[in-house]
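The following questions and answers concern the structure shown below. Each answer gives its reasoning and closes on the value or name requested.

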Amino acid sequence: MESMETLMASLDSHSSTSSAASDAARLVEVQSWLSSLFDQVNRQVPDLTLTRASIKHLHSLASLSQSRSRAAAIVAPDLRQKAAEYRAEAARIREILSSAGLGREHLSPSAMSSAQAVAEVANLVGIRDTETSSFVVANADLVLRKTEVAEKRINVQRESKMLLEYTRKAITKLAELKKLLSKFENEAALHEEQMYRWQKNLAMLDEKERQYNSQLGNYKQALLNRAGYTSDINHGVLMQMAEDKKDYEKKTKPILDTLRSYQDLPPDKTLAALAIEDKKRQYAAAEKYLEDVLGLCLNAPPL
């Protein structure tokens with residue numbers, strides 16, 4: 001009891017006000033419940049080292065026990081009353097049977113055995129009397145239960161067959177896997193030498209790779225120092241520049257053709273006007289020559 005008071009003091013000093021109050025209330029309920037239980041058997045409550053988790057667990061047990069005790073206290077009087085009524089009914093029936101000469105002392109051993117068997121069957125099938133109708137109803141119930149059990153048994157047998165088939169397939173697969181494992185284990189020794197050679201070759205290839213990478217770095221540095229090569233100048237970049245050049249040529253070709261048509265003109269405006277007048281005179285002379293030729297052709301005598 002002192003340890004409980006010590007625990008209560010520690011909870012009050014180290015927990016918050018609300019948490020401490022809740023824990024203290026639970027501890028009081030647990031103490032009361034334990035005291036009532038041990039008082040019923042005339043024993044003292046032993047010293048317990050309680051923690052917050054144990055107090056919470058004991059409090060839940062106390063709440064459950066108290067609720068069940070209240071439920072039992074409510075149901076117990078009704079059960080006692082029913083038991084008293086059953087005893088009174090049994091005494092009345094015993095008195096009637098005795099007055100009719102059918103008491104236990106008046107029955108033969110075989111009759112007693114038969115009556116006992118009927119009572120046991122009635123208790124077994126769960127009926128309250130030995131009427132024929134009650135036995136018929138109980139028998140019908142047993143038949144229904146038997147049918148349900150038979151259906152469940154069929155389902156269980158079907159599932160058992162399926163599981164057995166799956167088990168057989170699994171056993172067959174396991175045997176095949178064991179054979180493969182044995183085969184691989186036997187072949188492992190044969191491939192170890194080849195794997196060893198591959199490992200040596202891989203080590204050599206790793207060394208060659210490091211050597212080639214070093215040489216490639218040196219070549220790149222030498223190319224950069226001699227020709228000004230950078231990583232931006234590569235085959236892909238050059239190909240893209242060639243494609244761009246072709247596009248520019250396609251776009252500028254009509255412009256260049258137009259410019260070439262103006263290359264025959266003099267650069268001066270006056271000279272250009274004189275060249276135009278010269279072309280006009282040449283054109284007029286050509287027209288006059290053409291007219292003279294046509295006139296001669298028209299005026300010539302026929303042959």
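Q: Is Arg92 buried, partly exposed or exposed, and what is its relative accessible area?
A: In this predicted model, a residue is buried under 20% relative accessible area and exposed over 50%, with partly exposed in between. Arg92 falls in the intermediate class, so it counts as partly exposed, with a relative accessible area of 42%.

Q: Which residue meets the side chain of Arg92 in a salt bridge?
A: Side chains of opposite charge can pair when their charged atoms come close. The partner of Arg92 lies 3 residues away in helix H3, a separation of about one helical turn. This partner is partly exposed, with a relative accessible area of 36%. The N to O distance of the salt bridge is 2.5 Å, and the residue is Glu89.

Q: How many salt bridges does the structure hold?
A: The pair Glu89 and Arg92 is joined by a salt bridge, and so is the pair Asp278 and Arg281. The count for the structure is 5.

Q: How far apart are the closest N and O atoms of Glu207 and Arg210?
A: Glu207 and Arg210 are 3 residues apart in helix H5 (residues 132-227), and are therefore separated by about one helical turn. Glu207 is partly exposed, at 44% relative accessibility. The two residues form a salt bridge, and the distance between their closest N and O atoms is 2.6 Å.

Q: Which residue, Asp278 or Arg281, counts as exposed?
A: The side chains of these residues meet in a salt bridge, at 3.7 Å from N to O. Both lie in helix H7 (residues 269-299), 3 residues apart and thus about one helical turn from each other. Asp278 has 31% relative accessibility and counts as partly exposed. With 52% relative accessibility, the exposed residue is Arg281.

Q: Which helix gives the most residues to the largest nonpolar core?
A: This core has 9 residues, among them Leu27, Trp33, Leu50 and Ile55. At least two core residues come from each of helix H2 (17-40) and helix H3 (52-99). With 4 residues, the helix that gives the most is H2.

Q: Which residues does Trp33 contact, leaving aside its neighbours within four places in sequence?
A: Trp33 belongs to the largest nonpolar core, as do Leu58 and Ala62. Beyond its sequence neighbours, Trp33 is in contact with Leu58, Leu61, Ala62, Ser65 and Gln66.

Q: What distance separates the C-alpha atoms of Val125 and Asp141?
A: Val125 is located in helix H4 (residues 109-125) and is partly exposed, at 25% relative accessibility. Residues up to four places away in sequence aside, Val125 touches Ala138 and Leu142. Val125 and Asp141 are 16 residues apart along the chain, and their C-alpha atoms are separated by 9.0 Å.

Q: How far apart are the end C-alpha atoms of residues 167-201?
A: An unreviewed UniProt entry annotates residues 167-201 as "coiled-coil region". In the model, this span is 100% helix and 0% strand, and its end C-alpha atoms lie apart by 47 Å.

Q: Which element of the chain has the lowest mean pLDDT?
A: The chain has a mean pLDDT of 78, and 80% of its residues reach 70 or more. Where pLDDT is low, the predicted coordinates should not be read in detail. The highest mean among the elements, 86, belongs to H5, whereas the lowest, 49, belongs to helix H1 (residues 2-14).

Note on methods: Residues numbered from 1 in each chain as written. Heavy atoms only, no water. Core = buried A, V, L, I, M, F, W, Y, C linked by side-chain atoms within 4.5 Å. Buried < 20%, exposed > 50% of the residue type's maximum accessible area, 1.4 Å probe, protein only. Contact = heavy atoms within 4.5 Å. Salt bridge = Lys/Arg side-chain N within 4 Å of Asp/Glu carboxyl O. UniProt positions renumbered as here; feature names shortened; annotations may be inferred. pLDDT = per-residue confidence, 0-100.
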